[in-house]
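Hi everyone, thanks for coming. Today I'd like to walk you through a few contacts between side chains, one at a time. Please have a look at the picture first.

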Amino acid sequence: MQSIWSRETEFPKQSALHNNLETDTVVIGGGLAGILIAYFLQRQGIPVIVLEANRIGSGQTRNTTAKITCQHDLIYDKLIRNFGIQRAQQYVQANQAAIRAYQNIIDERQIDCDLKTIPSYLYTCTNPDLLKQEAQAAQRLGIEAGFTQDTTLPFSIKGAVKFENQAQFHPLKFLYNIAGEITVYEQTRVHTVIDHTVCTSHGNVKAKHIIFACHYPFINFPGLYFVRLHQERSYVLALKQAQQLDGVYLGIDHDGFSFRNAGDLLLLGGCSHRTGKNTAGGQYEVLQRNVRLWYPDHIEIARWSAQDCMPIDGIPYIGRYARSKPDWFVATGFQKWGMTSSMVSAMLLSDFIAGKENPYAEVFSPQRFNLKASAKKLAVNFGQFTKNLIKETCRIPNAQLDNLPNGHGGIVKIKGKKIGAYKDEHGKVYLVSVRCPHLGCELAWNPQENTWDCPCHGSRFDYTGKLINGPAQKDIALDANQMIQ
């Protein structure tokens, strides 16, 4: 299940770190945010090294739908009500500046990355009043936006908000171009950070400044990001012989979908859920049912999934990691808007490290706390954490390994212990610990993707126990022969 971006381009392999180094700034994470941050720092003459656990762009960047837009779902009416007009304007201006920055870099470097200026729509099939409010809030903040009922969607709607002059592109073509001039060490997972030293299995890097651009910060204290973030998964189909649209679309209804064209393809996305809350599967099937209805002559050429960090108050955390760590910085919680948020991170954090003022810093500060905006999701996150810790400690399953069918996974009891098991189509057994090594929550089997997922903080592991997504930093595989004998 590889995205179309991954199929169409590649980047030369970079070596792993092989000794101890010292630099001004080290960036943890070689996705779009990390590479852009390094690119901006390097342009300001600041020495920088990027450490990537896998390959450049191999995480969320390769799985995005790559919409470059300041239209971030239903956000602006909420921002004004929860944070006030001044901070809402900071948010808007930062994201509008991010769109312009992409255009400038692409023009300067003459990057062939399929950049296209298009409108961006929010649509509803049920409640136009919410979109009318959002349109008014956007206009109040200086956005060129308006309510409309005229779209190119393959079904009727009750209304939409149209944002003019947004964009889309090929994220990996852009990323690989700007990464070519940056020092990046691949296959170099960071295990911990101690003051000004970043520690890996291949050597350590000492730096004046350390930036966590690794999607989900894995250092729990200070910062407490495990309380302030959860992760969600969503799914995408790439279709041929489907209707071309005039822009990018996102539905605000609970069963709404995402649409964008990519050349002659249509990308249809949706079916989001909290990571670890997919024990029944079926997301791709939901997408397929709608595709057959809307585009009966379509041809599916690819499918893939993405994972997004969701902050409790609806705004990314970009700035100092914690008050007690003035030389640590973080860029996380981009929700589903990683393109503009990555660029905002690059602009803001490069200014921080260069000692410059940035007009957008206040609204993104990780040190903020707004109870009105945060209380509901904070309670949900804490409840999920508590529930799963209790489940991991107290509940012992009755299911036995022998009763698990081939091609299925689940939690079973072996020698009185709770174990995660998967039997492949030939009956080979793979056993794992169901205790997430991040903070101990009980993992859940995801039949859609044959993975073990953490409902608390979103760590994911393949059926063999190999780590896929953090914040966990360790694998969970067990010795099947030893456990069963």
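Let's start with one lysine. K418 has a relative accessible area of 11%, and because buried means under 20%, K418 counts as buried. Where along the chain is K418? Look for strand 19, which covers residues 417-423. And which side chain does the side chain of K418 make a polar contact with? The partner is the side chain of E442, at 2.7 Å. Please keep in mind, as we go on, that this is a predicted model.

Now to the cysteines. How many disulfides does a search of the whole structure find? The answer is one. C441 and C456 are the two residues joined, with 2.2 Å from S to S. If you like angles, here is one: about the S-S bond the value is -100 degrees, and the link is left-handed. What does the pair tie together? C441 sits in the loop between strand 20 (429-432) and strand 21 (444-446), while C456 sits in the loop between strand 22 (451-453) and strand 23 (460-462), so parts that are 15 residues apart in sequence are held together by the pair. Are C441 and C456 buried or exposed? Both are buried.

There are also cysteines without such a link. C70 is in no disulfide, and the nearest cysteine sulfur, which belongs to C113, is 19 Å away. A disulfide needs the two sulfurs within 2.5 Å, so 19 Å does not qualify. C70 has a relative accessible area of 1%, which means that C70 is buried. Turn to C113 and you get the matching story: C113 is in no disulfide, with the sulfur of C70 as the nearest cysteine sulfur, 19 Å away. With 1% relative accessibility, C113 counts as buried.

On to charged side chains. How many salt bridges does a search of the whole structure find? There are 16 of them, and I'll pick out some for you.

One of them is between R43 and E108, where the closest N and O atoms are 3.6 Å apart. Find R43 in helix 2 (residues 32-43) and E108 in helix 4 (residues 85-109): the pair links distant parts of the chain, 65 residues apart. Which side of this bridge is exposed? E108 counts as exposed, at 56% relative accessibility, and R43 counts as partly exposed, at 46%.

Another salt bridge joins R87 and E362, with 3.0 Å between the closest N and O atoms. How many residues apart are R87 and E362? They are 275 residues apart, with R87 in helix 4 and E362 in helix 10 (residues 361-364), so this pair too links distant parts of the chain. R87 is partly exposed, with a relative accessible area of 26%, and E362 is partly exposed at 38%.

Then we have K162 and E164, whose side chains meet in a salt bridge at 3.6 Å, N to O. K162 has a relative accessible area of 26% and is partly exposed. E164, at 30% relative accessibility, counts as partly exposed as well.

Let me finish with a group. Which residues are linked in a network of salt bridges? They are R233, E449, D453 and R460. Try to find these four in your own view. Thanks for listening!

Methods: Residues numbered from 1 in each chain as written. Predicted model: local features only at pLDDT ≥ 70, side-chain atom pairs only at ≥ 80, totals over all residues. Heavy atoms only, no water. Helix = DSSP H or I, 4+ residues; strand = E, 2+ residues; numbered from the N terminus. Buried < 20%, exposed > 50% of the residue type's maximum accessible area, 1.4 Å probe, protein only. Polar contact = N/O pair within 3.5 Å; in protein donor to acceptor, adjacent residues only side chain to side chain.
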